[in-house]
Amino acid sequence: MANNKVALITGIAGQDGAYLARLLLERGYDVFGTSRDAHMSSFINLDRLNIRSKITVMSMAINDFRSVFQVMTQTKPDEVYNLAGQSSVSLSFEQPVETLESIAMGTLNLLECIKSLDRGIRFYNASSSDCFGNTGELAADEKTPFSPCSPYGVAKAAAFWEVANYRDAYNLYACSGVLFNHESPLRPERFVTQKIVSAACRIARGDQKKLNLGNLNVQRDWGLASEYVNAMWLMLQQERPDDYVIATGKTCGLDEFVAEAFRLVGLDWKKYVEIDDSLLRPTDLTIGRANPGKAERNLGWVAKSSMFDVIKLMVEEKQKTMKANKSNSITKTNDSLLN
């Protein structure tokens with residue numbers, strides 16, 4: 001164990017954190033993960049991947065430098081993957097201060113710790129395509145200017161430039177992955193993709209009548225989260241640190257996502273979806289297009305799964321979960337009747 005590489009993942013309880021932890025464990029790492037309160041967090045995604053017992057989880061307030069420094073000195077990581085921070089674009093309009101502090105200040109605290117410890121730690125920062133804002137028909141790459149249109153995008157852009165500055169000013173091995181939308185069965189329902197999939201499955205079973213959505217005209221580049229974490233790892237294995245756009249390179253409309261999710265459960269989505277103006281954002285990223293060519297050239301990374309593959313996986317997993325929950329409910333009911 002003493003010869004294994006050590007990785008620290010902030011925000012390990014989330015979708016990306018869980019998949020990244022599994023990948024690193026498969027590659028022989030000792031993995032530490034943090035959340036704001038490790039004693040209260042359920043780490044349900046780690047349980048779903050059957051890796052909870054293989055990871056050491058710790059409490060860390062990422063916007064508190066002392067807390068970050070304590071965890072860094074205790075774990076002595078070779079690689080740090082920063083996936084923490086408020087992750088909902090919609091919620092960022094309601095909680096802009098929390099969003100900026102958890103993302104921008106949190107990233108700065110980690111960079112300062114790495115600089116102070118001076119142990120050659122390699123750092124990955126989770127950036128976002130929301131930094132670009134609306135680029136129209138332009139497929140954004142690493143040279144595309146940022147013009148974020150949400151507090152979340154602003155915070156991610158600030159963190160991106162913090163990483164770039166520390167890399168240049170202090171010669172740190174620090175990278176940002178500018179990831180476009182990526183989904184999986186581990187997504188919670190506060191994200192619109194899982195909301196759509198869950199609603200389609202429940203409507204098909206007769207457990208729900210309608211699905212309320214906001215702007216159906218948006219277009220995104222959707223990929224599979226479990227593939228994207230491999231790009232994160234690859235960034236820290238290169239001779240020189242650099243930033244990369246990670247995406248499939250194919251853009252689809254949200255209405256296409258909805259239509260496919262309902263098609264897979266045998267329904268016509270137009271009969272069940274209603275537009276709710278209260279769900280519209282003050283400003284919204286209309287089209288997200290990506291050019292991930294640099295990642296293919298330098299990292300050898302290419303997305304294998306399309307949006308349709310992702311939806312199929314999410315629907316199948318949701319149906320499986322619903323079926324298991326129904327069976328458990330019936331069993332408990334029968335047991336109670338017998339008792």
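**Exercise 1: cavities**

Find how many cavities of 30 Å³ or more this predicted model holds, then work out which residue classes line the largest cavity.

*Solution.* Start with the count: there is one cavity of 30 Å³ or more. Next, get its size; the volume of the largest cavity comes out at about 60 Å³. Now list the lining: Ser129, Phe132, Gly133, Thr135, Ala140, Phe180, Asn181, Arg220, Leu285, Ile287, Gly288 and Arg289. Finally, sort that lining by class, with Gly counted as polar: you end up with five nonpolar, five polar and two charged residues.

**Exercise 2: a helix pair**

Describe how helix α1 packs with helix α8, giving the angle and the axis separation.

*Solution.* First locate the two: α1 covers residues 15-26 and α8 covers residues 225-235. Their axes sit 9 Å apart, at an angle of about 65°. The handedness of this crossing is right-handed. Then pick out who touches whom: α1 brings in Gln15, Asp16, Tyr19, Leu20, Arg22, Leu23 and Leu24, while α8 offers Ala225, Ser226, Val229, Asn230, Met232 and Trp233. Sorted by class, the α1–α8 contact has eight nonpolar, three polar and two charged residues.

**Exercise 3: an aromatic pair**

Classify the pair formed by Tyr81 and Tyr124, and say which strands the two residues belong to.

*Solution.* For context, the structure holds eleven aromatic pairs. In the pair of Tyr81 and Tyr124, the ring centres are 6.1 Å apart and the planes make 40°. Planes under 30 degrees apart would be stacked and over 60 edge-to-face, so this pair is tilted. Last, place the residues: Tyr81 lies in strand β4 (residues 79-82) and Tyr124 in strand β5 (residues 122-128). With their positions 43 residues apart, the pair links distant parts of the chain.

Methods
Residues are numbered from 1 along each chain as its sequence is written. This is a predicted model: local features need pLDDT of at least 70, side-chain atom pairs count only at pLDDT 80 or more; totals for chains, interfaces and linings use all residues. Side-chain values use heavy atoms; hydrogens and water are left out. Axes are lines fitted to C-alpha atoms, for helices over the stretch in contact, and angles run from 0 to 180 degrees between N-to-C directions. Helices (H or I, at least four residues) and strands (E, at least two) are DSSP runs, numbered from the N terminus. A crossing is left-handed if the near helix is turned anticlockwise from the far one by less than a right angle, and right-handed if clockwise. Contact means heavy atoms within 4.5 Å. On a 1 Å grid over the protein atoms alone, a cavity is a set of points where a 1.4 Å probe fits but cannot get out, and a pocket is an open set with protein on both sides within 12 Å along at least five of seven lines; lining residues have an atom within 4 Å of a point. Grid points are joined across faces, edges and corners, and a volume is the space filled by probe spheres set on the points. Rings of Phe, Tyr and Trp (its six-membered ring) pair if their centres lie within 6.5 Å; planes under 30 degrees apart count as stacked, over 60 as edge-to-face and the rest as tilted.
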